[in-house]
Each structure stands twice: as structure tokens, then as C-alpha cells.
Amino acid sequence: MKVLMVCLGNICRSPIAEELFRDACQKIGLQVQVDSAGTASYHIGKAPDSRMIRTASNFGHDISTLRARQFKPSDFELFDVIFAMDDENFSDLRKLANKEEYASKIYRFQDYAEVLVPDFVPDPYYGTQKDFEHTFDIVRTSAIKIAEKIKNKQS
Ligand code: 4NP
């Protein structure tokens with residue numbers, strides 16, 4: 001199964017979602033390939049935001065080697081499931097999905113995890129270190145729930 005995490009810049013939320021979902025799947029023996037991308041082109045080729053690298057590192061995760069890339073329409077063919085971090089990412093992806101088959105692959109991350117509070121992954125980019133830690137916690141909880149949900153569906 002191939003899963004793509006998508007946010008705006010691919011430097012804060014989706015890289016940590018990629019890492020934590022990969023980790024959650026590995027821990028329960030779920031075979032997946034995980035990647036991440038941004039809807040915007042601002043940060044192509046850049047490493048994740050240093051504040052998210054630090055937050056991840058504090059919890060034993062290394063995301064420093066990831067590099068930002070922009071979502072491309074061919075990703076609709078390559079991936080089975082595409083997770084949008086917030087409503088803007090979701091609607092941007094839906095606009096790019098020119099086939100019903102593609103649109104049906106897009107889910108809101110928090111919806112799929114069945115987490116209502118908060119019901120989107122907050123963008124910490126204009127925030128403080130605390131906001132990065134808050135986003136990390138939200139993503140970790142949901143990544144574990146999503147991995148378990150997919151595993152249960154398969155068995
Ligand atoms: P991300 O955060 O979408 O979680 O990677 C952002 C990164 C950069 C910008 C906005 C959000 N920006 O405006 O440059």
C-alpha cells in the first residue's frame with residue numbers, strides 16, 4: 001500500500017506525518033510505502049523546518065534528510081491513499097483531481113483517524129516551538145490510529 005501525506009509547504013506537517021505514520025506501521029507490522037508532498041512550490045528541495053527537525057529529534061525521530069517536493073498530478077496514479085492535513089490542502093487536492101477515481105483517494109487526515117479535536121492538523125509555521133510540539137502530538141496520535149484502522153481493515 002502506498003500512502004502520501006500532503007500539506008502546504010512539505011516542511012512542517014507532512015514530513016512529520018510521513019515519519020510518524022511509517023513508524024506506527026512498522027511497529028504493528030503493516031507493510032506500507034509512505035511519502036509526503038506540498039501543494040505549494042515555495043520550499044522545493046528544502047529540508048524540513050528546523051523547529052520540526054528539533055521536535056522530532058527530541059522524541060527520537062530523524063527527519064533531517066527528508067526534502068520537500070511539490071504534489072504532482074501523477075501522484076494520483078502512484079498512491080492508493082492521499083491524506084490532506086487541513087481543509088485548504090484537501091480542497092486544493094480535490095481541485096487537481098480530474099477523475100472521480102483520484103478524488104476518492106483523498107482523505108482528511110483527522111477524519112480518517114476519527115479525531116474531532118482538533119479536526120485538522122494545525123499549521124505551526126508562524127508559531128512557536130510549543131506549536132510545533134502540539135502539532136507533533138496531534139500527528140502522532142492520529143498516525144497510530146490510522147495505522148491500526150488500516151491493519152484492522154486488512155485482517
Ligand atoms: P507546512 O507549513 O504546510 O506544514 O509545511 C508551512 C510551511 C511554509 C509555509 C506555510 C506553511 N509558507 O507560507 O511558506
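## Touring the ligand pocket

The largest pocket has a volume of about 160 Å³. Keep in mind that this is a predicted model.

**Stop 1: the lining.** Select Cys 7, Leu 8, Gly 9, Asn 10, Ile 11, Cys 12 and Arg 13, then add Tyr 42, His 43, Asp 123, Tyr 125 and Tyr 126. These residues line the largest pocket. Colour the selection by class. The lining divides into 7 nonpolar, 3 polar and 2 charged residues.

**Stop 2: the ligand.** Now show the ligand. What space does the ligand take? It takes the largest pocket.

**Stop 3: the shell.** Select the residues around the ligand. From the start of the numbering come Cys 7, Leu 8, Gly 9, Asn 10, Ile 11, Cys 12 and Arg 13. Tyr 42 and His 43 are also there, along with Asp 123, Tyr 125 and Tyr 126. By class, this shell has 7 nonpolar, 3 polar and 2 charged residues.

**Stop 4: the polar contacts.** Zoom in on the oxygen atoms of the ligand. Start with Gly 9: a polar backbone atom there is 2.8 Å from a ligand oxygen. Go on to Ile 11. Its backbone places a polar atom 3.0 Å from an oxygen of the ligand. Then pick Tyr 126. Here a polar atom of the side chain lies 3.3 Å from a ligand oxygen.

**Stop 5: the cover.** Turn on the surface. How much of the ligand's accessible area does the protein cover? On its own, the ligand has 350 Å² of accessible area, and the protein covers 93% of that.

Terms used
Residues are numbered from 1 along each chain as its sequence is written. This is a predicted model: local features need pLDDT of at least 70, side-chain atom pairs count only at pLDDT 80 or more; totals for chains, interfaces and linings use all residues. Side-chain values use heavy atoms; hydrogens and water are left out. A residue is near a molecule or strand if one of its heavy atoms lies within 4 Å of it. A polar contact is a pair of N or O atoms within 3.5 Å; within protein, one must be able to donate a hydrogen and the other to accept it, and residues adjacent in sequence count only if both atoms are side-chain atoms. Accessible areas come from the Shrake-Rupley method with a 1.4 Å probe; for residues, only the protein chains shown count as cover. On a 1 Å grid over the protein atoms alone, a cavity is a set of points where a 1.4 Å probe fits but cannot get out, and a pocket is an open set with protein on both sides within 12 Å along at least five of seven lines; lining residues have an atom within 4 Å of a point. A molecule sits in a cavity or pocket if more than half of its atoms lie within 2 Å of its grid points. Ala, Val, Leu, Ile, Met, Phe, Trp, Tyr, Cys and Pro count as nonpolar, Asp, Glu, Lys and Arg as charged, and the others, Gly among them, as polar. Grid points are joined across faces, edges and corners, and a volume is the space filled by probe spheres set on the points.
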